[in-house]
Amino acid sequence: MTRQPIRIAVLNFAHETVTFLPNDTTYEDFIYQGSPARGEALLAWEPRSYMGGFVKVAREHEGVELVGIESPLWPKTGTGSGWITTEAYETFLGRMVAELKAGGKWDGVYLALHGAMGVRGVPRPEADIARRVREVVGSGAFIVGTFDPHGNEDEAFLAAADMAFCVKYFPHYDAYLQGERAARMLIRAIRGDYAPATVTVKVPILTATVLQWTGASPWMDLVQRALTWEAREPDLYINVFFGFPFADVPDVGLTVEAMSNGKPELARKAADDIARWAWRRRQALLDTAKVYPVPQGVTLAKEAVARGAWPVVLADHSDRSGSATWILQQVIEQDLSDTLIATIADRDAIERVKAESLKAGDRFDMEVGGRADESAGAPVRVTGTITGVVEAWGKLWVGVAFGHGNVVLLSEYLTQIMDPAELNFPIDQFKVFAIKSRVHFRRGFDDSGFAKTILLVEPIEPFLGTVRLDALPYRNVDVKNFYPYGDVRFP
């Protein structure tokens, strides 16, 4: 039987916004080679993530046409930038909406989002995107979104969209799978085989992202409970948004969504069960990781090396600008050796290297890092020898050897190293890897069996990326409305 053709518009607009950073995310930050992208270029973006899964499954169905609407990709600043400016948001969204209007009739829309976008003057950007898309495509089209588990979402998105699929694991191993699900269920809904009934429940728990590793209990158990509901009830899907506390937005915090095929009572039952389970385990959700002050962490790393428990990972989970020098300071002060620090963000230092045409083997003597904000610490003078000046992922990296077998890698922007293979560097010479990552580093350093010792660290003071969230200067959020910062009741 020949099926009616289906036209699906594909849009992308994603950012994990650290609204406490002083540098706004501007229009220019989204403009670089390859971004914005449209047509096949957009559809080919991130083939191992949401987009890749969505496109793969959608094109397995007969008569489905995908149209890539011009969309900005991730800003070149990554997550190391603050509020998205109103100009940037309105410019890109305005272009997307205009292209949708000019595109004729749409049966469906796929929104590749993140969930923790912060835009000046727009309290709930993802919900606003869905609402403005809905105004164009009308009530007859279906809208689906995919999300990172660090999204800050409430019922507003699903008031305008029909479906949402959120990654369950941290690190985000199942992004491709959620893209596949989004395509499959969107096409089923368009063809009348699925009638989405959704329920959203906010749970007043606020946790730092470093605590949310799903490789250990109780976050592992939270994910397993959602998976069990999905396994036992056909056509039931559960999203658990862990929340992103470094975005000062009104829908911050833990959120549970459930979706069934025309059975709202089932969706309600499942969502309430997951939410109540999380509330019962609320203290355990906060007790999942030991975080050391940086000086103590470096001392423990030195002790681990001495007893042969290396490679050691020193993970500075709190550095949100990428410029923090706290570990570098202590590596020098405590004379830690055989350490790779990857990376410290310092565009000025890199520009100076370029201006002076420095290369491998040249002398290096500069202050690096710091400056970005108080949480980055002070610049640190590094004296040594350049090991290399290379381009990686379209950005320049500079390696500098110093001290006793140490190397610091300088990057233009915040860089999370998730796997030692990403370093493109002879790693066998190092015993300690000091990186800027919360949990994603466990992909290549922990789950692979690479590291023997893992130490999570943050500065002594409760700066920007701290686990002590009540120290953050929220304006749009009252932390006393969230556990553990106030006398909160639920449900």
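A salt bridge here is a side-chain nitrogen of Lys or Arg within 4 Å of a carboxyl oxygen of Asp or Glu. Keep that cut-off at hand for the exercises below, and remember that the model is predicted.

**Exercise 1. Apply the cut-off to Lys359 and Asp362, and state how accessible Asp362 is.**

Solution.
- Step 1: take the N to O distance between the two side chains, which is 3.7 Å.
- Step 2: compare that distance with the limit. The cut-off is within 4 Å, and Lys359 and Asp362 do meet in a salt bridge.
- Step 3: turn to accessibility. Asp362 has 19% relative accessibility, and buried means under 20%, so Asp362 counts as buried.

**Exercise 2. Work out which parts of the chain the Glu65 and Arg7 pair ties together.**

Solution.
- Step 1: check the contact. The side chains of Arg7 and Glu65 form a salt bridge, at 3.4 Å from N to O.
- Step 2: place each partner. Arg7 sits in strand S1 (residues 6–12) and Glu65 in strand S2, so this pair links parts 58 residues apart in sequence.
- Step 3: look at exposure. Glu65 is partly exposed at 39% relative accessibility, and Arg7 is partly exposed too, at 23%.

**Exercise 3. Do the same for Arg134 and Asp162: are the two residues buried or exposed?**

Solution.
- Step 1: the closest N and O atoms of Arg134 and Asp162 are 2.8 Å apart, and the two residues form a salt bridge.
- Step 2: Arg134 belongs to helix H4 (residues 125–137), while Asp162 is in the loop between helix H5 (155–160) and strand S5 (163–166), so the pair ties together parts 28 residues apart in sequence.
- Step 3: both Arg134 and Asp162 are buried.
- Step 4: now widen the view to shared partners. Glu90, Asp128, Arg131, Arg132 and Glu135 are joined into one network by salt bridges that share partners. In the whole structure, the search finds 28 salt bridges.

**Exercise 4. Describe the overall build of the chain: how many helices and strands does the chain have, and how does its radius of gyration compare with the globule rule?**

Solution.
- Step 1: count the elements. There are 13 helices and 17 strands.
- Step 2: compare the radius. The radius of gyration is 23 Å, close to the 23 Å given by the globule rule for 491 residues, so the chain is as compact as a globular protein of that length.
- Step 3: add the extents. The C-alpha trace spans about 70 × 50 × 40 Å along its principal axes.
- Step 4: ask about burial and contacts. Of the 491 residues, 61% count as buried. Among contacts with a separation of 6 or more, 75% come from residues 24 or more positions apart.
- Step 5: finish with surface and charge. The accessible surface is about 19100 Å², with 49% of this area belonging to carbon and sulfur atoms. The chain carries 52 positive and 63 negative side chains, and the centres of these two sets lie 4 Å apart.

**Exercise 5. Locate the cis peptide bonds at Pro218 and Pro311, and the positive phi values at Glu46 and Ser357.**

Solution.
- Step 1: recall the background. Most peptide bonds are trans, and most residues other than glycine have a negative phi.
- Step 2: Ser217 and Pro218 are joined by a cis peptide bond with omega about 5 degrees. Pro218 is in the loop between strand S6 (196–203) and helix H7 (219–232).
- Step 3: Trp310 and Pro311 are likewise joined by a cis bond, with omega about 10 degrees. Pro311 is in the loop between helix H10 (294–306) and strand S10 (312–316).
- Step 4: Glu46 has a positive phi, near 50 degrees, in the loop between helix H1 (39–43) and helix H2 (50–58). At 33% relative accessibility, Glu46 is partly exposed.
- Step 5: phi of Ser357 is near 55 degrees. Ser357 lies in the loop between helix H12 (347–355) and strand S12 (363–368), and is exposed at 56% relative accessibility.

**Exercise 6. Find the surroundings of Thr77: which residues does Thr77 touch?**

Solution.
- Step 1: Thr77 is in the loop between strand S2 (64–68) and helix H3 (86–102).
- Step 2: its relative accessible area is 6%. Thr77 is therefore buried, the limit being under 20%.
- Step 3: leaving out residues up to four places away in sequence, Thr77 touches Thr25, Asp29 and Tyr413.

Key:
Residues are numbered from 1 along each chain as its sequence is written. This is a predicted model: local features need pLDDT of at least 70, side-chain atom pairs count only at pLDDT 80 or more; totals for chains, interfaces and linings use all residues. Side-chain values use heavy atoms; hydrogens and water are left out. Helices (H or I, at least four residues) and strands (E, at least two) are DSSP runs, numbered from the N terminus. The radius of gyration is taken over C-alpha atoms; the globule rule is 2.2 Å times the number of residues to the power 0.38. Buried means under 20% relative accessible area, exposed over 50%, partly exposed in between (1.4 Å probe, protein chains only). Contact means heavy atoms within 4.5 Å. Accessible areas come from the Shrake-Rupley method with a 1.4 Å probe; for residues, only the protein chains shown count as cover. Lys and Arg count as positive and Asp and Glu as negative; His and the chain ends are not counted. The place of a charge is taken as NZ of Lys, CZ of Arg, CG of Asp or CD of Glu.
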